[in-house]
Amino acid sequence: MCKLCESSLPILSRRSMMAGAAALLTASALPHSTRAEEKAAAQNAIPPAEALERLMQGNARYAANTPNERDFSAERAARAQAQFPVAAIVSCSDSRVVPDLVFDQSPGDLFVVRLAGNIVDDDVYASLEYAVMVLNAPLVFIMGHTSCGAVEAAIKVVKDRVELPGHLPGLIAAIEPAVIAAHARHPSDLLAAAIEENVLHGMKEMRKDSKIIAEAFDAKRIDIAGGVYDIATGKVNLLQS
Ligand SMILES: [Zn+2]
């Protein structure tokens with residue numbers, strides 16, 4: 001069937017397309033032995049705890065301003081063949097928050113999804129499911145950050161009933177449950193509490209909303225972790241769910 005004929009069919013959702021692509025890739029044309037060897041040699045064929053340790057060690061180097069030296073051209077040919085990310089990261093779009101730098105990792109190491117407020121929605125789940133199911137990333141990490149403008153906006157909407165323009169209300173609505181939960185604890189710093197709650201909320205929600213992620217988590221093939229990046233110090237502080 002040509003593309004013109006396909007265009008008359010009902011449009012597939014992005015998630016169903018991703019699932020189809022995943023099924024295609026998992027049943028890839030590679031001989032089974034070659035796939036197994038490739039996977040065994042993959043840098044991400046490591047336990048989730050080791051992946052988290054690798055991130056935190058990288059963050060310590062970043063915070064101390066002693067990042068690893070990198071030759072970006074050295075492994076370009078290998079990267080053109082495949083990717084084996086050690087973690088899938090959900091991060092805010094804030095220009096001061098750059099996961100690859102924050103965790104001092106190289107191209108091919110992190111599969112990063114960025115949306116203002118590090119929210120998790122259907123398209124984010126689809127990306128994470130691809131990272132977990134197809135790329136075998138052993139860790140999903142949600143990273144909030146201090147001074148998050150998206151969480152600040154959600155606080156203004158919840159507390160002051162501020163009306164936001166354009167498409168912002170839809171995005172900010174995803175953060176409002178975290179603001180309400182944080183406010184109920186009467187914290188001394190509502191913004192800091194809501195930023196943490198927003199990360200924890202995302203970690204909890206993805207196990208409810210994504211069957212693929214929940215099954216991988218229950219089978220201990222992946223871990224779901226989260227933390228808050230402190231823009232002032234450069235450190236990521238892990239949160240306990
Ligand atoms: Zn932010």
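Visitor: How many residues sit between β4 and β5 in their hairpin?
Guide: First, the labels: helices are DSSP runs of H or I with at least four residues, strands are runs of E with at least two, and both are numbered from the N terminus. In the turn of this hairpin, G234 has a positive phi of about 85 degrees. The number of residues between β4 and β5 is six.

Visitor: What kind of model am I looking at?
Guide: Residues are numbered from 1 along each chain, as its sequence is written. Local features need pLDDT of at least 70, side-chain atom pairs count only at pLDDT 80 or more, and totals for chains, interfaces and linings use all residues, since rules like these go with a model that is predicted.

Visitor: In which sense do β4 and β5 run, parallel or antiparallel?
Guide: Two strands pair if DSSP finds at least two bridges between them. Here three bridges join β4 to β5, and one of the links has V228 with N237 of β5 as its bridge partner. The sense is antiparallel.

Visitor: What about β3 and β4: how many bridges do they share?
Guide: β3 covers residues 139-145, and β4 covers residues 223-229. Among the partners, M143 goes with G227 and H145 goes with Y229. The two strands pair in the parallel sense, and the number of bridges is seven.

Visitor: How many of the seven residues of β4 are buried?
Guide: A residue is buried if 20 or more other C-beta atoms lie within 10 Å of its own, exposed if 12 or fewer, and partly exposed in between, with C-beta atoms placed from the backbone. β4 has seven residues and is largely enclosed by the rest of the structure, because the number of them that are buried is six.

Visitor: Which strands are at the edges of the sheet?
Guide: Follow the five strands of this open sheet in order, β2-β1-β3-β4-β5, and you'll find that the pairing is mixed. An edge strand pairs on one side only, and that fits β2 and β5.

Visitor: By how many degrees does the twist average from one strand to the next?
Guide: Axes here are lines fitted to C-alpha atoms (for helices, over the stretch in contact), and angles run from 0 to 180 degrees between N-to-C directions. From one strand to the next, the average twist is 25 degrees.

Visitor: Over how many bridges does β1 pair with β2?
Guide: β1 has neighbours on two sides, so to speak: it pairs with β3 in the parallel sense over four bridges, where I89 has F141 as its partner. With β2, A88 has F111 as its partner. That β1 and β2 pairing is parallel too, and its number of bridges is five.

Visitor: Which β1 residues are on the side opposite A87, I89 and S91?
Guide: In a regular strand the side chains alternate between the two faces of the sheet. Five of the five residues of β1 are buried, and both of its faces are covered. With A87, I89 and S91 on one side, the other side has A88 and V90.

Visitor: Which helix gives the most to the largest nonpolar core?
Guide: A nonpolar core is a set of buried Ala, Val, Leu, Ile, Met, Phe, Trp, Tyr and Cys residues joined through C-beta atoms within 7 Å. The largest one has 59 residues, and A87, V132 and A154 have the most contacts inside it. Eight of the core residues come from residues 122-133, which is helix α7.

Visitor: How many of the 12 residues of α7 are buried?
Guide: α7 reaches 16 Å from its first C-alpha to its last, close to the expected 16 Å, a span worked out as 1.5 Å times one less than its number of residues. Its buried residues include V124, L128 and V132. The helix is mostly covered, and the buried number is nine.

Visitor: How many other C-beta atoms lie within 10 Å of D104?
Guide: Most residues other than glycine have a negative phi, and most peptide bonds are trans. D104 has a positive phi near 45 degrees, and it lies in the loop between α6 and β2. D104 is buried because the number of other C-beta atoms within 10 Å is 21.
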